[in-house]
Amino acid sequence: MLRKALERVLELPAVYDLNQLIGQPTVRRYTQLIAEEVPLTAETSVLDLGCGTGATRQIIPGRYCGIDINPDYIAAAKRIRSGGEFIAMDATKLTFPDASFDQVISVATTHHLDGGQLQAMALEALRVVRAGGAFHIIDAILPVNPRDRAKEMFFRMDRGRFPRKLEDLVAVVSGVAGVARTRVLNGPMHDVAYVKVVRAGAIA
Ligand SMILES: C[S@@+](CC[C@H](N)C(=O)[O-])C[C@H]1O[C@@H](n2cnc3c(N)ncnc32)[C@H](O)[C@@H]1O
């Protein structure tokens, strides 16, 4: 019951943003992985799945579209972010036509999705990304070192009900798509993973 009440409070956009501020060490690693792994220029169009209140918009130089299932976050993103498009939408049922974006990203969202939803999101991301692009997953994972009990406990208290080890994240995605590259940045609050997802069969 306490967990449910806490989750309802965290749904409020302002409380959510405060939570993001406290999680700065983790957010910095998300930002580093986007900068180093996602090919971005001022001409690149990016779709962000599970964009929350649009924090990632600030580090995308080109055309940005963020979608989130929570309409309150989308309303807040429209109010506080400059530029970009924000739409309330389910990442597992995108309404965009095929091949609409150069790159698709998802930050800190896979641990909110069960296996079926994660696979549906990956398939939708690969449907709407243009040839040559990829679906870039960046998310916290359960600690690589199993002795990091405090870090594991911290992540298990998250609102997201589906915290995964890197290998479990890769196994779920690999059920429907190809995984071309993975990388992990270790840190004080969370270990953060990068997973590059491509069409099944696209890996030589
Ligand atoms: C921890 S937040 C991350 C938000 C943002 N990417 C960031 O880094 O600030 C996870 C987000 O996933 C969204 N979400 C959960 N399930 C979703 C779904 N099926 N489709 C779209 N968004 C979803 C939640 O509403 C929430 O905003």
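Helices (H or I, at least four residues) and strands (E, at least two) are DSSP runs, numbered from the N terminus. With those names in hand, here are the close-ups; please keep in mind that this is a predicted model.

**View A. Seven strands make up an open sheet.**
Reading across the sheet, the strand order is β3-β2-β1-β4-β5-β7-β6, and the pairing is mixed. The edge strands are β3 and β6 (178-185), each of which pairs on one side only. From one strand to the next, the twist averages 20°. Two helices can be placed against this sheet in the same view. Helix α4 (residues 71-80) lies across β2 and β3, and runs at about 165° to β3. Helix α5 lies across β1, β4, β5 and β7 (191-198), with a direction about 150° from that of β5.

**View B. Strand β1 (residues 46-49) is covered on both faces.**
Val46 and Asp48 are buried on one side of β1, while Leu47 and Leu49 are buried on the other. Which strands pair with β1? One partner is strand β2 (residues 64-68), joined to β1 in the parallel sense over four bridges. Here, look for Val46 and its bridge partner Tyr64 in β2. Strand β4 (residues 103-107) also pairs with β1 in the parallel sense, over three bridges. On this side, Leu47 has Val104 of β4 as its bridge partner.

**View C. Ser45 sits in the loop between α3 (24-37) and β1.**
Is Ser45 buried or exposed? Its relative accessible area is 4%, and buried means under 20%, so Ser45 counts as buried. Leaving aside neighbours within four places in sequence, Ser45 is in contact with Arg63, Ser100, Phe101, Asp102, Gln103 and Arg130. Two of these residues return in later views: Gln103 belongs to β4, and Phe101 takes part in an aromatic pair.

**View D. Strand β4 is largely enclosed by the rest of the structure.**
Why is β4 described as largely enclosed? Five of the five residues of β4 are buried, so the rest of the structure largely encloses this strand. Follow the side chains along β4: Gln103, Ile105 and Val107 point one way, Val104 and Ser106 point the other way, and all are buried. β4 runs parallel to strand β5 (residues 135-141), and four bridges join the two. Val104 stands opposite Phe135 in β5, and Val104 is also the bridge partner of Leu47 in β1.

**View E. Strands β2 and β3 pair in the parallel sense.**
Four bridges connect β2 and β3. To find your place along this pairing, start from Ile67, whose bridge partner in β3 is Ile87.

**View F. The structure holds two aromatic pairs.**
Tyr64 and Phe86 form a tilted pair, 5.6 Å centre to centre with 55° between the planes. This pair links distant parts of the chain, as Tyr64 is in strand β2 and Phe86 is in strand β3 (residues 85-88), 22 residues apart. Both Tyr64 and Phe86 are buried. Phe96 and Phe101 form an edge-to-face pair, with 5.0 Å from centre to centre and 85° between the planes. Phe96 is buried, with a relative accessible area of 13%. Phe101 is buried too, and its value is 3%.

**View G. Helix α5 (residues 115-128) packs with helix α7 (residues 166-174).**
Two packed helices are described by the angle between their axes and the distance between the axes. For α5 and α7, the angle is about 60° and the axes are 9 Å apart. The two helices are therefore oblique to each other. Their crossing is right-handed. The contact is made by Gly115, Leu118 and Gln119 of α5 together with Leu169, Val172 and Val173 of α7.

**View H. Ala99 has a positive phi although it is not a glycine.**
Where is Ala99? Look in the loop between β3 and β4. Its phi is about 50°, and at 37% relative accessibility Ala99 counts as partly exposed.

**View I. Ala108 also has a positive phi in a residue other than glycine.**
For Ala108, phi is near 60°. This residue lies in the loop between β4 and α5. Ala108 is partly exposed, with a relative accessible area of 22%.

Notes: Residues are numbered from 1 along each chain as its sequence is written. This is a predicted model: local features need pLDDT of at least 70, side-chain atom pairs count only at pLDDT 80 or more; totals for chains, interfaces and linings use all residues. Side-chain values use heavy atoms; hydrogens and water are left out. Buried means under 20% relative accessible area, exposed over 50%, partly exposed in between (1.4 Å probe, protein chains only). Two strands pair if DSSP finds at least two bridges between them. Rings of Phe, Tyr and Trp (its six-membered ring) pair if their centres lie within 6.5 Å; planes under 30 degrees apart count as stacked, over 60 as edge-to-face and the rest as tilted. Axes are lines fitted to C-alpha atoms, for helices over the stretch in contact, and angles run from 0 to 180 degrees between N-to-C directions. Angles under 35 degrees count as roughly parallel, over 145 as roughly antiparallel, 65 to 115 as roughly perpendicular and the rest as oblique. A crossing is left-handed if the near helix is turned anticlockwise from the far one by less than a right angle, and right-handed if clockwise. Contact means heavy atoms within 4.5 Å.
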